[in-house]
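Open your viewer, and let's take a walk through this model together. At each stop you will find something to select and a few words on what to look for.

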Amino acid sequence: MGPLIPNEIISPEWNHVFAVLIGIAFGIVMESSGFSSSRKIMGSFYAYDFTMIRVFMTAAITALIGVLYMDYFGWIDRTELFVVPTYLGATIIGGALMGIGFLAAGFCPGTSFLAAAIGKVDGMVFIGGAFLGILFFGEIFPLISDFYYANYLGHITIEESLGIAPDWLALIFVVIAVAVFYVLSIIRKSVQKVKY
Amino acid sequence: MSKRYIFISVVFIALALVLVLLPKQQNRNAFRPDLLLLEINSGDRFLSVDHIAERIIQGDPSILLIDVRNPDLYDEYHIPGSFNIPLNEVLNDSLNAALQLAHKDIVFYSNSTLSADQAWILCRRNKMENQYVMEGGLNTWFDHIMTPVPPRETEGNDAIALYEFRSGASIFFGMPAPVVAYKAPETVKLQNTAVTRKPEPAKQVIELKKVEEEEEEEEGC
Amino acid sequence: MNFLIEDRKTRIYWNPYFGGFLLGLILLFSFYMSGRGVGASGGIKSAVVATVNAVAPTHAENSAYFSKFLKGDKSPLNTWLVFQMLGVIAGAFFSGAINNRLKIRVQHSPKISPKTRLWFALLGGFLFGGGAQLARGCTSGGALSGFAANSLGGLIIMVSIFGSGYLFAYFFRKLWI
């Protein structure tokens with residue numbers, strides 16, 4: 001019954017081994033899908049290449065549906081999956097900052113590694129910038145510590161907070177995703193192509 | 001959208017739809033009696049009175065003693081630094097949550113082992129962790145710590161060292177030096193003066209600083 | 001397969017739906033094995049903590065933020081995420097290599113200079129680093145993995161990142177188109 005390592009069905013020493021394997025697979029798939037190119041990623045914001053949205057949403061719906069089916073068949077206990085802690089104010093502001101950073105740099109931390117791995121200097125500079133950003137954050141932390149810890153909702157799931165059952169969430173999101181894909185395919189046909 | 005994509009989209013929507021329509025399972029967090037039995041049999045939960053005495057003397061902040069007897073017995077005598085939660089109140093949810101968040105080792109004790117063990121099982125069943133039982137209870141506490149028996153001549157150095165430790169412990173806990181053992185089967189009375197002379201170790205405050213405790217453990221994303 | 005407009009020989013990428021599907025499978029595998037999804041910003045954070053600890057250990061211990069991630073003798077780099085990121089670099093390098101995409105360069109829109117691009121990359125990285133600490137996640141770990149694991153935090157991160165991205169995209173358009 002999964003997840004295997006937290007339940008010690010496989011010994012925890014293997015955890016880091018699987019981390020590397022998963023990382024390798026992640027790197028290969030993402031790079032081959034084009035996420036090492038910042039201009040390709042930003043195409044989703046500027047309507048010339050929607051690859052990023054399509055990959056993201058497809059991955060999300062696959063994982064959503066997959067987890068629920070695995071849970072139903074008893075292969076995994078989905079309540080044991082790691083749930084991101086929610087600190088309402090900090091999460092929203094952090095997300096907004098990241099959005100702007102995304103626009104400025106065209107990378108997110110994951111894709112910056114992909115780009116850096118294939119030799120893109122902008123990717124490496126991004127990683128350096130992230131390093132400095134975290135360092136800066138650590139230094140000014142005492143000033144914003146209250147805000148950082150404010151509004152702690154715990155490791156709360158969507159089900160607990162919004163009352164949307166996971167299977168309904170999956171259904172709604174799948175429908176939204178398919179609709180988005182459809183709309184995007186129409187937009188693609190009519191938007192002037194940007195050469196990049 | 002080409003036929004292929006339409007087909008795939010339909011498959012995905014169908015899968016999600018099926019999920020919504022499937023009957024829900026009820027036994028999500030099914031209790032596993034066999035696992036509990038394994039734990040009970042292993043006996044790992046027992047801590048000896050010597051171990052507990054040593055941790056208290058060293059001022060170990062990670063230990064939290066819970067006296068599960070009735071309040072009047074607690075008032076007569078309790079191990080310094082312990083809290084009183086009578087057995088019939090031990091399953092209070094918010095109390096359990098507070099205890100869990102304290103991230104300490106929770107040690108139940110009573111007069112013998114029985115009530116403490118019952119508390120342990122109840123709380124374990126309620127999914128609490130890091131809990132232990134003081135083996136032998138207060139009866140053994142008095143036998144060994146408060147009124148230690150000098151080792152016979154035939155016993156080795158270990159026994160002598162243990163006796164010295166226990167003598168020191170008994171003085172620490174307020175007994176005047178060598179005292180004749182007095183023990184009743186169920187309740188234990190102690191002369192008040194001896195106990196009150198020794199100041200109690202600083203009260204352990206369970207801080208509900210949920211936030212800080214949580215942050216320590218995660219790697220996050 | 002989706003072909004790009006550019007030089008076919010060196011720039012062919014996979015079909016995005018296929019790539020997304022595989023990514024979802026990887027995520028499922030990660031959930032099944034380790035009970036957690038993928039991530040990225042946490043790896044950089046571990047590197048920062050390790051560096052600060054190596055350069056100025058007392059400062060690291062006194063710092064309210066960095067001390068949280070220092071656990072005894074274990075190096076702060078000894079985390080799941082750091083190992084995963086090593087794998088990502090290896091995998092990306094491999095994929096880049098067999099697709100003939102390895103080249104040291106600065107990728108930028110023809111309308112801006114490489115220097116501009118690099119400055120904005122630095123700025124973007126800076127914002128992302130700090131923002132990811134605030135939000136406890138980035139797009140891969142927070143938005144994607146968090147959302148797939150049904151976290152409210154994941155949903156909020158996803159909505160706020162893409163929301164603010166679309167909201168402010170107009171102001172950065174010169175960088176891209």
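## First stop: the sheet of chain B

Select residues 63-67 of chain B, which form strand β2, together with residues 105-109 of chain B, which form strand β4: the two pair in the parallel sense over five bridges. A word before going further: this is a predicted model. Within that pairing, show B:Ile63 and you will find B:Asp105 of β4(B) standing opposite.

Now widen the selection to the whole sheet. Five strands of chain B make up an open, parallel sheet, and their order across it is β1-β5-β4-β2-β3. Which strands stand at the edges? They are β1 (46-47) and β3 (83-84) of chain B; each has a single partner strand, so one side of each has no neighbour in the sheet. In sheets generally, strands pair through backbone hydrogen bonds, in either a parallel or an antiparallel sense.

Next, highlight β5 of chain B, residues 131-134. This strand is covered on both faces: B:Gln131 and B:Val133 are buried on one side, and B:Tyr132 and B:Met134 are buried on the other. That fits the general rule that side chains in a regular strand alternate between the two faces of the sheet.

β5(B) also has two pairings to inspect:

- With β1(B), the pairing is parallel and runs over two bridges; look for B:Leu47, whose bridge partner in β5(B) is B:Met134.
- With β4(B), the strands run parallel and are joined by three bridges; here B:Phe108 stands opposite B:Val133 of β5(B).

## Second stop: a helix in the open

Stay on chain B and select residues 33-42, helix α2. How many of its 10 residues are buried? The number is zero, so α2(B) lies largely in the open. Step just past the end of this helix to B:Gly43, where phi is positive, at about 70 degrees.

## Third stop: where chain B touches chain A

Bring chain A into view alongside chain B. In this contact, 14 residues of chain B meet 18 residues of chain A. On the chain B side, colour α1 (3-21) and α10 (210-217), each of which supplies at least two residues. The largest share of that side, eight residues, comes from α1(B). By class, the chain B side has 11 nonpolar residues, one polar and two charged.

## Fourth stop: chain A on its own

Hide the other chains for a moment. Chain A has eight helices and two strands, and along the sequence they follow the pattern α-α-α-β-α-α-α-β-α-α. Its C-alpha atoms fill a box of roughly 50 × 45 × 35 Å along the principal axes. Of its 196 residues, 57% count as buried. If you draw a contact map for chain A, expect 63% of the contacts with a separation of 6 or more to join residues 24 or more positions apart.

## Fifth stop: chain A against chain C

Switch chain C on. Here 108 residues of chain C are in contact with 111 residues of chain A. Several helices of chain C each supply at least two residues to the side that touches chain A, among them α2 (16-34), α3 (41-55) and α6 (114-135). That side of chain C divides into 65 nonpolar, 35 polar and eight charged residues.

For a close-up, select helix α5 of chain A (residues 109-117) and helix α5 of chain C (residues 80-98). They pack at an angle of about 45 degrees, and their axes are 8 Å apart. The two helices are therefore oblique to each other, and the crossing is right-handed. From α5(A), the contact involves A:Phe113, A:Leu114 and A:Ala117; from α5(C), it involves C:Met85, C:Val88, C:Ile89, C:Ala92, C:Phe93 and C:Gly96. Sorted by class, the residues of this contact are eight nonpolar and one polar, with none charged.

## Last stop: A:Ala117

Finish by centring on A:Ala117, which is found in α5 of chain A. Is A:Ala117 buried or exposed? It is buried, because 24 other C-beta atoms lie within 10 Å. Leaving aside residues up to four places away in sequence, A:Ala117 touches A:Gly27, C:Ile89, C:Ala92, C:Phe93 and C:Gly96. For a final distance to draw, pick the C-alpha atoms of A:Ala117 and A:Gly74: these residues are 43 apart along the chain, and the atoms are separated by 38 Å.

Technical notes:
Residues are numbered from 1 along each chain as its sequence is written. Chains are lettered from A and ligands numbered from 1 in the order in which they are written. This is a predicted model: local features need pLDDT of at least 70, side-chain atom pairs count only at pLDDT 80 or more; totals for chains, interfaces and linings use all residues. Two residues are in contact if their C-beta atoms, placed from the backbone, lie within 7 Å. Helices (H or I, at least four residues) and strands (E, at least two) are DSSP runs, numbered from the N terminus. Ala, Val, Leu, Ile, Met, Phe, Trp, Tyr, Cys and Pro count as nonpolar, Asp, Glu, Lys and Arg as charged, and the others, Gly among them, as polar. Two strands pair if DSSP finds at least two bridges between them. A residue is buried if 20 or more other C-beta atoms lie within 10 Å of its own, exposed if 12 or fewer, and partly exposed in between; C-beta atoms are placed from the backbone. Axes are lines fitted to C-alpha atoms, for helices over the stretch in contact, and angles run from 0 to 180 degrees between N-to-C directions. Angles under 35 degrees count as roughly parallel, over 145 as roughly antiparallel, 65 to 115 as roughly perpendicular and the rest as oblique. A crossing is left-handed if the near helix is turned anticlockwise from the far one by less than a right angle, and right-handed if clockwise.
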